[in-house]
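Colleague: Please take one part of this model and look at it closely, the way two helices cross. After that, follow the path outward from there to the rest of the structure.

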Amino acid sequence: MNRVLSDLALGVRLAVGGSRKSWVRLALQGVGIGMCVAVLLLAASIPTAFGNRDLRGNGRDVVSEGAGPAPLLLEHGSMPFRSHHISGDYVRALTPDAPKPPGVQRLPADGEIFVSPRLAALLASPEGELLRPRFPQKIIGTFAEEGLDGPQDLRFLAGDGKIEPSSGNRVHAFGRTGPGGGLPPILSMLSVVGAVVLLFPVLVFVGVATRLAAAQRDRRLAALRLVGAGAVRVRLIASGEALAGALVGLVIGFGLMFALRPFADDIPIPELAVFPADLTPTLPLTLTVGVAVPVLAVLTSVFAMRRTIIEPLGVVREQKPVRRRLWWRVFPALAGAALLASQFGKVDETSEPAQWPIVAGVVLLMFAIPVLLPWLVERVVHRMRGATPALQLAVRRLQLDAGTAARVVGGVAVVLAGTVTLQMTLAGVEHEVKADEAAEANYRHLAVSMHEAVDVPELTGVLAKAPGVVSVQELTRTYGTLPNNDYVAIAVGSCAALESMAEVPDCSDGKAFIVPSEKSRDDAEAGDVLGIEKSDSPWTVPRLEPSAGSRPGLYLTPAAARGMSLAEATTEVQAELDTALPDAAEHARNAIAFHSWRVYSYYVGQDDSAEIEQVFFAVRRALYAAALLTLLLAGASLLVVGLEQVRERRRPLAVMAASGVPRGTLARSLVWQNAIPLVISTVVSVATGILLGVLVTRVFDGEVAYDWTGIGIVTGISVGMVVLVTALTLPSLRRATGALGLRTE
Amino acid sequence: MSLLVAQDLHKSFGRTRALEGAGLTIRAGEIVAVMGPSGSGKSTLLHCLAGILPPDSGTVTYRDRELTTMSDSARSELRRTEFGFVFQFGQLVPELTCLENVALPLRLSGVKRRDAERAAREWMARLEVDAVADQRPGETSGGQGQRVAVARALVTGPKVVFADEPTGALDSLNGERVMHLLTTAARETGAAVVLVTHEPRVAAYSDREVVVRDGRSRDVEFVR
């Protein structure tokens, strides 16, 4: 064991010693691996981030049972404001030692309020002017982290001396123990897929880095063999060099991770924003990354040298022509596609996905890319002849060794395919959300539900006088149970009241309408006998006229609802709003704000497209940044290979230049040499990405949408990178083709 | 006493026949110059003698051990412990300092760093290159580099030192100095030296000359 460690240490010593080239190689390797490590550590932090979120959520949960009278009364309040969702609690302490929720120093008295930092900022901003009437209380402090789910939370805790004891508002303590929700299955699945996808570039980069300055390394290894190091030991020493790169990469990765961490609370999406302190990788996952990356580096290095014979007089590489067979290479693609196809439509919002077939399907399809590429690149270049001398030089070079180039771009292709898949999934979700928005935008009414203590005529009167309110109608709402035990929403009201929620043409008392529910759910039909909520008497559905509206369900005029027991039904007030007045809904909400937690309003017709655009823009920007980062890594790999090829072929290049081959021809041959594998890999990765996007969208039963702009941008960056890499290789080519290139030593 | 015996060695590289029945006997402590024109097979003979290249046929026996049937690891160990090498150029590890290069064979044998470097320093002083101990090979002159290589070849106390054109890349003055130090040190330690050269001036340091021509060796009938 000591000998193994000492040989690895010697390898590390060789990696860090020596010329500027050694340092450049080590730095390149370290930065590449470091970027991957940083992303892996971020992924490893997801369980902690969501776990802590759950823990804090549990800490706020109320304990409603206990000995003696409850010391605290609490009512939950939820308050939409434009696209924001503000929530909080109204409390009334009955004893001096009443429990306080986490995150605040004390309980607020009547007229006092604690707000989250984000809500405080919103209230202080010009946008918050319209919100301030809803928070007339005196702000006495802000929540500490333990009182919030995340940094973007809009939360409050207000004192309300008018809360009266009722069956559901007694609090004996805060904090529930027990398991939290944990990571949502879909997120955990995505983390696994993300980690697998990210490991490919790590493998590729380490493999490429072992080929960097190969000629120099060969001399070194031969010298070691000459002084008596055995073949296995020399491989181990060479692996030590890869280990050095991995260790530098780990340091850079941890540094990057902790440098990026403070920005976690700037993420504009509340569900994704986390406190920097929460972004701490779990110990087992940190150890896994810390051990797996160096081990992977050593194994990859050993694997990369499997055909290399190191002898005391030099190094030879077995160049036996490898016959690449297609049959096993298509197997991962077919198996992956079949696994995903078997899950079509099985995942929706209400069901948990069977994770392994989806994860395995995605991973297999991703894995298919680097497996298929060497075969494909080889086939393509073997069919090419080369119309120009430059193309011919490149083609002949690739025909000799297309495998290396294919491997280099293979890792990148995986990430590109992943990016395209994510772009498509994103485009699909965006498309659906925007369609929902468009559907809702036809209706502009504020639905207000209320506590039983609220005086409905008074509320209706106040609402009718609010600016922007055209009319106010009362609706009675209840639920019916279908014969198959599904629920259907029922609204009973005058034609004018129904009109605010659905299209009810030629409405007259006695008519019944149905707004169909989403696909895969059954609807009520005429003649169905429904059970009515909190009622023992069944009700038979009359003849229904199809309708369109903002919320699915039955819309009944009073005569059509005859026979239905509505004694326990809830009353809802519908305020129709003037489309010409901006923020009419917020003005109406402000008018009834004095009821605080006793009313809840829901606005159908809110135009959230700007907000949605912002969220999708943020996600897309992050995606482009990640893709760009990975492409840079790929560019670095390509550059390494390009420089190395120029170095190794210095003499033949110099001979060609000396015998009159123009440098431009040699430069163009370099462009072709980089471009051919990259174009093939881009085509394959875009195609696989689209296929995977379609399959994944089908699994989630969504609508397939193509983000051609995004795909175009990523492809454009790839092409630009080839040009850039070639441009960076040219100085080296110029040196190699100069007079000094003909020197042997 | 015969230390290293090669008999009827044949070696081809593709269609090129490098050795065709060459043979040689090296006795303990003697310095033998292997001479011959370019392409005669003298370097191939040296590589076969040292166990670097396996001959196609024939035998190489070192202290009654047959080299041609030894495993790679056994031959590696032999090179590490019993043999030393000085080549024309390129055998020093450029990333390591000269001191580390000289200490390398000892460290590969498991000697502790401090002990290995102490022995290395002593040899570097004997070969008058202790001034470049902390420099890398690329920072030294050609003569210094070769003397560092000689120090590395001798640091393990080898029984045979194989030197392939050790002065080939040096000017005559530096070549003389390297040869003087190499042969003196070898005689002091009792190591045999197999010296491949085409320069009579270098061969003059040997006890005996063997001429290789067309892959066959022939002892020259005189001993200095």
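Modeller: In this predicted model, H10(A) and H17(A) are oblique to each other, because their axes cross at roughly 50° and an angle between 35 and 65 degrees falls in that class. H10 covers residues 389-400 of chain A and H17 covers residues 663-699, and the two axes come within 8 Å. The crossing of H10(A) and H17(A) is right-handed. On the H10(A) side the contact is made by A:Pro389, A:Ala390, A:Leu391, A:Leu393, A:Ala394, A:Arg397 and A:Leu398. H17(A) answers with A:Thr665, A:Arg668, A:Ser669, A:Trp672, A:Gln673 and A:Ile676. Sorted by class, the contact of H10(A) with H17(A) holds eight nonpolar, three polar and two charged residues.

Next, the two loops that adjoin these helices. A:Arg385 sits in the loop between helix H9 (355-383) and H10 of chain A. A:Arg385 counts as exposed, because it has 9 C-beta neighbours inside 10 Å and the class takes in residues with 12 or fewer. From A:Arg385 to A:Arg396 is eleven residues in sequence and 8.4 Å in space, C-alpha to C-alpha.

The other loop lies between H17 and helix H18 (708-736) of chain A, and A:Asp707 is found there. A:Asp707 is buried, because 22 other C-beta atoms lie within 10 Å of its own and the class begins at 20. Leaving out residues up to four places away in sequence, A:Asp707 touches A:Gln423, A:Met424, A:Leu426 and A:Ala427. For A:Gln423 the separation from A:Asp707 is 284 residues in sequence, against 6.4 Å in space between the C-alpha atoms.

One of those partners leads on to the nonpolar cores. The largest nonpolar core has 116 residues, and B:Val34, B:Leu49 and B:Val194 have the most contacts inside it. Helix H6 (residues 231-260) of chain A supplies the largest share of this core, 13 residues. Apart from this core lies another, of 64 residues, and A:Met424 is among them, as are A:Ala657, A:Leu666 and A:Val699. A:Met424 is thus named both in this second core and as a residue touched by A:Asp707. In the largest core, B:Leu49 touches B:Leu4, B:Ala6, B:Leu24, B:Val60, B:Phe162 and B:Val194, again not counting residues up to four places away in sequence. In soluble globular proteins, nonpolar side chains tend to be buried together.

The two chains also meet directly. Their contact takes 18 residues from chain A and 23 residues from chain B. On the chain A side, helix H1 (2-16) and helix H5 (214-226) are the elements that give two or more residues. H5(A) gives the most to that side, with five residues. By class, the side of chain A that touches chain B has nine nonpolar, five polar and four charged residues.

Chain B has seven helices and ten strands. Of its 224 residues, 52% count as buried. Among the contacts in chain B with a separation of 6 or more, 69% join residues 24 or more positions apart.

Chain B offers a helix pair to set beside the one in chain A. Helix H3 (residues 98-108) and helix H5 (residues 142-154) of chain B pack at an angle of about 25°, with their axes 7 Å apart. H3(B) is therefore roughly parallel to H5(B), and their crossing is right-handed. H3(B) brings B:Cys98, B:Asn101, B:Val102, B:Leu104 and B:Pro105 to the contact, and H5(B) brings B:Val148, B:Ala151 and B:Arg152. These residues divide into six nonpolar, one polar and one charged.

Two backbone details in chain B complete the tour. Most residues other than glycine have a negative phi. B:Asp8 has a positive phi of about 50° although it is not a glycine. B:Asp8 is found in strand E1 (residues 2-13) of chain B, and with 13 other C-beta atoms within 10 Å it is partly exposed. The phi of B:Asp64 is also positive, near 65°. B:Asp64 lies in the loop between strand E4 (57-62) and strand E5 (65-66) of chain B. With 7 other C-beta atoms within 10 Å, B:Asp64 is exposed.

Definitions and conventions: Residues numbered from 1 in each chain as written. Chains lettered and ligands numbered in written order. Predicted model: local features only at pLDDT ≥ 70, side-chain atom pairs only at ≥ 80, totals over all residues. Contact = placed C-beta atoms within 7 Å. Helix = DSSP H or I, 4+ residues; strand = E, 2+ residues; numbered from the N terminus. Nonpolar A, V, L, I, M, F, W, Y, C, P; charged D, E, K, R; others polar. Axes fitted to C-alpha atoms, helices over the stretch in contact; angles between N-to-C directions. Parallel < 35°, antiparallel > 145°, perpendicular 65-115°, else oblique. Left-handed = near helix turned anticlockwise from the far one by under 90°. Core = buried A, V, L, I, M, F, W, Y, C linked by C-beta atoms within 7 Å.
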